[in-house]
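Work through the exercises below with the sequence and the model open. Each task is followed by a solution in steps.

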Amino acid sequence: MHLFIADIEYPFATLNESESQHCTKVLRLSVGDKILISDGCGKLCEAELTVVNHKRCEAEILREIGVFKRPYHLHIACAPTKNIDRFEWFLEKATEIGIDEITPIITEHSERTVVKQDRSERVIMAAMKQCQVPNLPTIHNIKRYSDFLKNCHADQKFICYCGNEFEKQSLKNALSKSISKDSSILILIGPEGDFSPKEIAFAVENGFIPIALGEIRLRTETAAIVAVHTVSLTLQP
C-alpha cells in the first residue's frame with residue numbers, strides 16, 4: 001500500500017492538494033482502494049479512500065497500526081556540500097534511518113550558502129513515503145553558524161570535526177555516558193574544509209562536546225549519515 005501524509009481526525013483523514021494530486025493523477029487510485037496514512041509524527045494507520053478528488057481526497061481509518069516514537073529527538077546541523085546531490089543524499093538516508101530536525105549551516109569554509117528548502121522538503125517527503133517511515137523530519141532554512149549556535153537548544157550538544165584542538169571522545173561513548181530517555185540531541189557536522197579553530201572553540205564555549213566518528217576522515221555527507229546511524233544503533237531499543 002502507498003503511504004500518504006494526512007490530517008487525521010479519527011476515524012477520518014484528509015489529504016492536502018499535493019498529496020491528493022499524487023493519489024489521483026500519479027497513482028490513479030480510486031474510491032475503495034486501501035492506503036496507509038501518517039500524521040508525520042509517528043502515527044501510522046490503514047485507511048480506505050472514500051472521496052477521490054485531485055484537490056482533496058478523504059479516507060476512513062480502518063485500523064491504527066501503531067505510533068512509532070524514537071526514545072530521543074535528533075537534530076543534525078550540517079554544512080551543505082558544494083555538490084547539492086550529496087547533501088540531498090544525506091537528507092534521504094537520514095530520513096530512512098531516523099531523524100527529527102535538519103538545519104543547513106553556513107560556516108567559514110562553506111562552499112555552498114544556498115539550499116532550496118522546498119526541494120529539500122520534497123526529497124525528505126519522497127524518502128519517507130518510499131520507505132514508509134511514519135515520521136516526517138523538519139528541515140529549517142539555512143542559517144549562519146554563529147547565529148545558529150546562539151539560539152540552539154538541546155539536552156546534549158556535540159560537535160564533530162577533524163582537528164585536534166580539544167580532546168575528543170567517540171560519539172557512541174558520549175551517548176552511552178550522558179543520554180537519558182527522551183533526550184534531545186544536537187550534532188554539528190562541518191563543511192568539506194572542516195570547521196575553523198575559532199568555530200570549534202565557539203561551540204565548546206557554548207556547551208558542545210567534541211566528538212569523533214572513527215579514525216578515518218569522512219566526507220561531510222558520510223559523517224552526517226554515520227552520526228545519525230550511530231545514534232540510532234546506540235539508543236534504539
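**Exercise 1: a central strand**

Phe158 has Ile209 as its bridge partner in S14. The model is predicted, so residues count for local features at pLDDT of at least 70 and side-chain atom pairs at pLDDT 80 or more, while totals for chains, interfaces and linings use all residues. Numbering starts from 1 along each chain as its sequence is written, and side-chain values use heavy atoms, with hydrogens and water left out.

Task: Which strands pair with S11, and in what sense? Are the faces of S11 covered or open?

Solution.
- Step 1. Take the elements from DSSP runs, numbered from the N terminus: helices are H or I with at least four residues, strands are E with at least two. Two strands pair if DSSP finds at least two bridges between them.
- Step 2. S11 (residues 156-160) and S13 (residues 183-189) are parallel, with 5 bridges. In S13, Phe158 has Ile187 as its bridge partner.
- Step 3. S11 and S14 also run parallel and are joined by 3 bridges.
- Step 4. Relative accessible area gives the burial class: buried is under 20%, exposed is over 50%, and partly exposed lies in between (1.4 Å probe, protein chains only). In S11, 5 of 5 residues are buried.
- Step 5. In a regular strand, side chains alternate between the two faces of the sheet. On one side of S11 the buried residues are Gln156, Phe158 and Cys160, and on the other they are Lys157 and Ile159, so both faces are covered.

**Exercise 2: an open sheet**

Task: In what order do the 6 strands of the open sheet lie, and which strands stand at the edges?

Solution.
- Step 1. The order is S1-S4-S5-S6-S3-S2, with mixed pairing.
- Step 2. S1 (3-5) and S2 (7-9) are the edge strands; each has a single partner strand, so one side of each has no neighbour in the sheet.
- Step 3. On average, neighbouring strands of this sheet are turned by 40 degrees against each other, direction ignored. Axes are lines fitted to C-alpha atoms, for helices over the stretch in contact, and angles run from 0 to 180 degrees between N-to-C directions.
- Step 4. S1 pairs with S4 (residues 34-38) in the parallel sense over 3 bridges. Ile5 has Ser38 as its bridge partner in S4.
- Step 5. H3 (residues 117-130) lies across S1 and S4, at about 135 degrees to S1.

**Exercise 3: a buried alanine**

Task: Is Ala47 buried or exposed, and which residues does Ala47 contact?

Solution.
- Step 1. Ala47 belongs to S5 (residues 43-51).
- Step 2. Its relative accessibility is 0%, so Ala47 counts as buried.
- Step 3. Contact means heavy atoms within 4.5 Å. With neighbours within four places in sequence left aside, Ala47 contacts Asp33, Lys34, Ile35, Ile37, Ala59, Glu60, Ile61 and Leu62.
- Step 4. Ile35 is 12 residues from Ala47 in sequence, and their C-alpha atoms are 5.4 Å apart.

**Exercise 4: two pockets**

Task: Which residues are closest to the centre of the largest pocket, and which to that of the second largest?

Solution.
- Step 1. A pocket is an open set of points on a 1 Å grid over the protein atoms alone, where a 1.4 Å probe fits, with protein on both sides within 12 Å along at least five of seven lines; lining residues have an atom within 4 Å of a point. Points are joined across faces, edges and corners, and the volume is the space filled by probe spheres set on them.
- Step 2. The largest pocket has a volume of about 410 Å³. Its lining has 21 residues, of which Tyr161, Cys162, Ile216, Arg217 and Leu218 are the closest to its centre.
- Step 3. S14 (209-212) and H7 (220-235) each supply at least two residues of this lining of the largest pocket.
- Step 4. The second largest pocket has a volume of about 230 Å³. Among its 14 lining residues, Cys41, Arg70, His73, Asp100 and Asn135 are the closest to its centre.

**Exercise 5: backbone exceptions**

Task: Where do Arg28 and Asp194 lie, and which residues does the cis peptide bond join?

Solution.
- Step 1. Most residues other than glycine have a negative phi, and most peptide bonds are trans.
- Step 2. Arg28, in the loop between H1 (17-26) and S4, has a positive phi of about 55 degrees. Arg28 is exposed, at 66% relative accessible area.
- Step 3. Asp194, in the loop between S13 and H6 (197-205), has a positive phi of about 70 degrees. Asp194 is buried, at 13%.
- Step 4. The cis bond joins Tyr10 and Pro11, with omega about 10 degrees. Pro11 lies in the loop between S2 and S3 (12-15).
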